[in-house]
Protein chains: 2
Amino acid sequence: MTLKDVALASGCSIATVSRVLAGTRSVGAETARTVRAAAERLGYRPNHVARALRSRSTGTVGLVLPQITNPFFPTLVRELEHALHAEGRAVLLADCDDDPATEAARISALLARQVDALLLIPVDERHSREAVAAAAAQVPLVLLDRGCGPGVADSVAVDNAAGMALVLAHLAATGRRRPCFIGAAGTASAAVERHTAYENGAAALDPAAPGRLALGDFSVEWGRAAVDRLWPARPDAVVCANDLIAAGALQRLRQLGADVPGEVAVTGFDDIPLAGLADPALTTVRQPVADLAAEAARLLSRRRADGSSGPCHTVRLAPELVVRASSGAAAPAVPDGSFRAS
Amino acid sequence: MTLKDVALASGCSIATVSRVLAGTRSVGAETARTVRAAAERLGYRPNHVARALRSRSTGTVGLVLPQITNPFFPTLVRELEHALHAEGRAVLLADCDDDPATEAARISALLARQVDALLLIPVDERHSREAVAAAAAQVPLVLLDRGCGPGVADSVAVDNAAGMALVLAHLAATGRRRPCFIGAAGTASAAVERHTAYENGAAALDPAAPGRLALGDFSVEWGRAAVDRLWPARPDAVVCANDLIAAGALQRLRQLGADVPGEVAVTGFDDIPLAGLADPALTTVRQPVADLAAEAARLLSRRRADGSSGPCHTVRLAPELVVRASSGAAAPAVPDGSFRAS
DNA sequence: TTGAAAGCGCTAACAC
DNA sequence: GTGTTAGCGCTTTCAA
């Protein structure tokens, strides 16, 4: 079934049929009806490949992620897929195995396939930069969740500092005074921003708090290990840079016999599905995933309109605090019943 | 940069360049070298769209899933992406929101984009059948993880019955004698097969065991709710049809003050990342995800060779039991210290 | 408003 | 082994 068949069946030219079906130009009402009827009758389906070759636009968007198994990404992928599908675009998925070299290879494979645009969560702030910049010069590209150096491309992410501030305000309001922080080392923007925001905000609770921290990576294992380093200081709150760290911290605290939340509160970041399932359920910062996806799609369209020059837009979306059991009521600081001035 | 440019630069015809670069036919060693050098020098990148239009093969595979947020799928997607990328294919991702109508729409969108093949985890055994059968008539199609009625398409999945048998054997070996089962209702193949395998295997432990079960869905919430129904019967093992159910069961049992694993063992199925993080860590059945992906890719190639006729192949892969704390040593049945004959 | 015709970049017959 | 040629199905000038 090609345009030619429809043209033959409807008694007009291929060009006219194309115009009717693609809606490119005004066509006589009568002709249009005839053509549409013929197309319908023959079950005509346009050939996207031919259309792409001619119009130099495939209608596909490449989605490049560090690791689909990172539990924060599936919901994001889902929202992105829906947002793009709603505009009639298809999503080419690439998983980079958390490796910048693989990432560079995937990016060029997608470019070779003529994706119209790229949505990319960079593997690494520094090591991804070169490949990302090169790609951004070729197609509209929007960075998601993580940055990649200033001025490289448009980007959309949650406001990490605001999220951390929400956590600290909540801890302060519920009477916690000796927080500590388990974060991630390295230059990844989420790691740096959350860490910095903790240091800036925690001083208000306790002058010694900003120094009470340990930096590792965004994993459960690190959460467990870090507790062993920080617990001797007897914090009354463990602020974690993401939910995986918090899950590990929770586990280890329980093994050590600590009472969560009575003795010590634990908080996460991201609100991955695991957070609600932990025991006690994890207080955390929810990323506005659907909004992130919508905003990314919007930036993509805008960039397509503006051309590859023009300044980079950076969008920061406000997160939301989700209070659950892990930061519930603290036990009295002096549990023997004596009076304590608050 | 087109073939024409390379042809001009290397002094031979477009066709020859095509043959060298696509490796379609034997070419003189000398010519080949010249051509390759020219292509390299000019930074030639083949245009996949034009190639697809001409050769009627896009080199893309559609991957259709019920919901990427189902925690079992990300690892599978990752393995599939890697397996396909290794053969130079790109993956078009479609998420169906667990809805058969959306699934049908996504399938036809992918078909319109001329995917070479479809990898599909059906949303529903019955309601997906029509769209799947129609798609299978057009392109090679392999069903993954779940079935879709007999004879519809090639399929690859874990051997659910074998997995359940491993669980029951383990429970028997560790002295459990009053198992119960929390499963999922409906016709989904995993639900039916695991349920049936439990009924068949549990009778060996206890004649009453096959009847001690509750059927709901594959969710944490159902796991919690089912415990309330089954716990009054005082089982010494709760066999769950997947890890999410088991996570819910574990939660609720702890709320009820039950001692896991001392008083009651809990087992899951799939070995999603959550399983290792639960407390106590969950004994479960690990799906051979990488093998499933590899086998799916293999079936796809074979189907491409065989043509769309020919009998459907069904591959079942052996699962592996992962023993963790949730099925550890049982407490003595009579904890008051009196002698108990084993 | 419509039609004829020229390709998009590539592969695949078919000649030589 | 290599070149010539004819399209794949579509969009888009350019004329009418």
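**Where the protein meets DNA strands C and D**

Okay, let me begin with one contact: the side chain of Thr16(B) puts an N or O atom 2.4 Å from a phosphate oxygen of DNA strand D. Bear in mind that this is a predicted model.

Staying with strand D, there are 27 residues around it, and Thr16(B) is among the closest, along with Tyr44(A), Gly28(B), Thr31(B) and Arg54(B). Of the strand D atoms that come within 4 Å of the protein, 57% are sugar and phosphate. Leu3(A) reaches a phosphate oxygen too, but through a polar backbone atom, at 2.5 Å. For a base contact, look at Arg54(B): a polar atom of its side chain sits 3.1 Å from a base nitrogen of strand D.

So which helix gives the most to the surface near strand D? That's H2(A), with four residues. H2 and H4 of both chain A and chain B each supply at least two.

Now over to DNA strand C. Here 27 residues surround the strand, and those that come nearest are Thr16(A), Gly28(A), Thr31(A), Leu3(B) and Tyr44(B). Thr16(A) has a side-chain N or O atom 2.5 Å from a phosphate oxygen, and Arg51(B) has a polar side-chain atom 2.6 Å from a phosphate oxygen of this strand. On the base side, Arg25(A) places a side-chain N or O atom 2.9 Å from a base oxygen. Sugar or phosphate makes up 62% of the strand C atoms within 4 Å of the protein, and bases the rest.

For strand C, the top helix contributor is H2(B), with four residues. As for composition, the surface near strand C has ten nonpolar, nine polar and eight charged residues.

Key: Residues numbered from 1 in each chain as written. Chains lettered and ligands numbered in written order. Predicted model: local features only at pLDDT ≥ 70, side-chain atom pairs only at ≥ 80, totals over all residues. Heavy atoms only, no water. Near = heavy atom within 4 Å. Polar contact = N/O pair within 3.5 Å; in protein donor to acceptor, adjacent residues only side chain to side chain. Nonpolar A, V, L, I, M, F, W, Y, C, P; charged D, E, K, R; others polar.
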